[in-house]
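Subject: Structure handover

Hi,

Here is the structure I promised to pass on. Have a look at it in your viewer, and then read on for my notes.

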Amino acid sequence: ALGGAHTDVAAAANNLGLVYSAIDEPELALKCHLQAKAIQVARLGEDNPAFAATCTNIGSVSQELAEKAFRAGNAEGEEAAFLQAEDHYTRAVLIYRVKLGGTHPELATALHNTG
């Protein structure tokens, strides 16, 4: 058994989060990505490219939640979700730039996500 804090569990949680996003369940997706984030921070540290990918996933889901809040007329929820998205996208950019270099495709994608 791997145990709940294994990096493979984090990868599975991230993948499940992507499935939830695909079926328009952003709240469940966020829960999965946050679980992955907690494991990765504890096991890999906050400067690992795998953690950066999770940050990108959280940013994406947070953007979905902001749009959902906007459609519901929830300005506070919209702003909070957009701030969470921005924070996580920015983290991903910094990690990719430092760990993978300025010309890596993952950095280009992360920069695109920041708008």
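Below is what I found, going from confidence to helices, cores and salt bridges.

First, the caveat: this is a predicted model. The chain has an average pLDDT of 94, and 97% of the residues score at least 70. Confidence is highest in helix α2 (residues 26-43), with a mean of 97, and lowest in helix α5 (residues 105-113), where the mean is 89.

Let me start at the N-terminal end. Helix α1 covers residues 7-22, which makes 16 residues. From its first C-alpha to its last it reaches 23 Å, close to the 22 Å expected at 1.5 Å a residue. Its buried residues are A10, A13, N14, G17 and S21. They sit on the same side of α1, because they cover an arc of only 100° around the axis. As background, an α-helix has 3.6 residues a turn, so residues three or four places apart point the same way. What does that buried set pack against? The partners are α2 and α3. After α1 comes D24, with a positive phi near 60°.

Next, a residue in α2 to click on: Q40. Is Q40 buried or exposed? Its relative accessibility is 6%, so Q40 counts as buried. Leaving aside neighbours within four places in sequence, Q40 is in contact with A10, N14, G45, A50, F51 and T54. Two of those names, A10 and N14, will be familiar from the buried residues of α1, and F51 turns up again in the core described below.

Now for α4, which spans residues 75-100. This helix has 26 residues and reaches 37 Å from its first C-alpha to its last, close to the 38 Å expected at 1.5 Å a residue. The buried residues in α4 are E78, A81, A85, H88, Y89, A92, V93, I95 and Y96. They pack against α2, α3 and α5. Following α4 is G101, whose phi is positive, near 100°.

On to the hydrophobic side of things. Which residues make up the largest nonpolar core? There are nine of them: F51, A52, C55, A92, V93, I95, Y96, L107 and A110. Helices α3 (49-71), α4 and α5 each supply at least two residues of this core, and the largest share, four residues, comes from α4. If you want one residue to centre the view on, try V93: outside its neighbours within four places in sequence, V93 is in contact with L107, A110, L111 and T114. There is also a second, separate core of seven residues, including V61, L65, A66 and A81.

Last, the charged pairs. In general, side chains of opposite charge can pair when their charged atoms come close. How many salt bridges are there? The count comes to three:

- E27 with K68: the closest N and O atoms are 2.7 Å apart. This pair links distant parts of the chain, with E27 in helix α2 and K68 in helix α3, 41 residues apart. E27 is partly exposed at a relative accessible area of 40%, and K68 is partly exposed too, at 36% relative accessibility.
- D47 with K99: here the closest N and O atoms are 3.3 Å apart. Again the pair links distant parts of the chain, with D47 in the loop between α2 and α3 and K99 in helix α4, 52 residues apart. D47 counts as partly exposed at 40% relative accessibility, as does K99 at 43%.
- D87 with R91: their side chains meet at 3.2 Å, N to O. Both belong to helix α4, and being four residues apart, they are separated by about one helical turn. D87 is partly exposed at 34% relative accessibility, and R91 is partly exposed at 26%.

So what is the quick recap? Nine residues form the largest nonpolar core, α4 gives four of them, and three salt bridges complete the list.

Cheers

Definitions and conventions: Residues numbered from 1 in each chain as written. Predicted model: local features only at pLDDT ≥ 70, side-chain atom pairs only at ≥ 80, totals over all residues. Heavy atoms only, no water. pLDDT = per-residue confidence, 0-100. Core = buried A, V, L, I, M, F, W, Y, C linked by side-chain atoms within 4.5 Å. Buried < 20%, exposed > 50% of the residue type's maximum accessible area, 1.4 Å probe, protein only. Contact = heavy atoms within 4.5 Å. Expected span 1.5 Å × (residues − 1). Arc of directions from axis to C-beta. Salt bridge = Lys/Arg side-chain N within 4 Å of Asp/Glu carboxyl O.
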